[in-house]
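Reader: Hi! Could you walk me through a model I've just opened?

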Amino acid sequence: MDKKVVAVIFGGVSGEHDISKLSAASVINALDEDKYFVLPIYITQDGRWLMYDGAKENIKNLQWEKFGTPVVLSPDAAHHGILRLVGEKFRVIHVDVAFPVMHGKNGEDGTVQGLLELAGIPYVGSGVAASAICIDKIHTNMMAEKIGLKQAQYLTFNKKDLGDNVDEIAKKIRYELKYPCFVKPATTGSSVGISKARNKKELIAALHEASKHDGNIIVEQMMTGREIECAVLGNDNPAASTVGERIFETEFYDYDAKYHDNRSKVVVPAELPEYVVEQIRQQSLDIYRITRCKGLARVDFFLDAEGEVIFNEINTMPGFYEISMYAKLWNYEGMAYEEIVDKLIELAVE
């Protein structure tokens, strides 16, 4: 059997660079060496592309970075792969499938996907349009409204709106959404740049913090309740997993709670009535289809005190290490992590 050459692309110029390394290490370890020839392609935080062909154990700690050799992904479909710098010449390395294990800007937003489209290389995950829509909370909310999903009330602003108008903006938010509220950059993940505002001073600071990460800002009414998530897998005929619940002791599920606070935990399956689970699964499939996602996504919801399901967001490349929520949800359905990785490559080729 001929081995498929799989380029695992990770890192990137993003606030979620470190999370990408964790996910990529898990993917690389899960790829069966009898079926795949793996090319780890690391994008540094300053945008350099490097290829590594040493021990897999070093992927996570990046001690190998100084030994990586420069590569570029060729947009020329005739190459169908990467160009590796050897001396003063580039050598073409054919790639059968790319697995972009990248989170946030410059990776999960359609940029890398567009380059892979030009190169003619099949890749894991959603295409250019779906990636761009789903990373943008404003556009995602508009799509959710289109299909009638209930969500938190929200307002949107542009970075240019701040300036001399910040007091007026704060007044509008106070009267229409009330305190506390959440302020978010439109296009980041892993809670990067997100703040909870309880008063005008915190709100103005939060608006300026969000504007550092994105030119567009979304301010959402605070939702209280349980945080529930569902995993979706597939292309034109996707399947939804059971649902899981995130339980944490911080005020909200921020970056530290997600990745550094071991007091946070996930419960799979969530203890919910079957009709609520089915409602969440159906809504997950609905948003997945209308945004034209492919491969995989994790869909996040709130469940309020009255038991109402409220859509929060959809992630086209969720945290993807062995113990992430996405993996745990499919593990419960009987799929091992290695099987999920295999299936995603199969879906990419399809």
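Author: Happy to; below we go through one helix and then a sheet.

Reader: What should I know about the model and the numbering?
Author: This is a predicted model, where local features need pLDDT of at least 70, side-chain atom pairs count only at pLDDT 80 or more, and totals for chains, interfaces and linings use all residues. Residues are numbered from 1 along each chain as its sequence is written, and side-chain values use heavy atoms, with hydrogens and water left out.

Reader: Cool. Which residues in helix H3 are buried?
Author: In H3 (residues 128–135), Ala130, Ser131, Cys134 and Ile135 are buried. Buried means under 20% relative accessible area with a 1.4 Å probe, protein chains only; helices are DSSP runs (H or I, at least four residues) and strands are E runs of at least two, numbered from the N terminus.

Reader: Why are they on the same side of H3?
Author: Because they cover an arc of only 115 degrees around the axis, taken from the directions from the helix axis to the C-beta atoms.

Reader: And what do they pack against?
Author: The buried residues of H3 pack against helix H2 (111–119), helix H4 (137–146) and strand S16 (309–315), with contact meaning heavy atoms within 4.5 Å.

Reader: Switching topic: what's the strand order in the open sheet?
Author: The four strands run S8-S11-S9-S10, with antiparallel pairing; two strands pair if DSSP finds at least two bridges between them. The edge strands are S8 (154–158) and S10 (195–197), each pairing on one side only.

Reader: How many bridges join S9 to S10?
Author: Three, with S9 spanning residues 181–185. Cysteine 181 stands opposite alanine 197 in S10.

Note on methods:
Buried means under 20% relative accessible area, exposed over 50%, partly exposed in between (1.4 Å probe, protein chains only).
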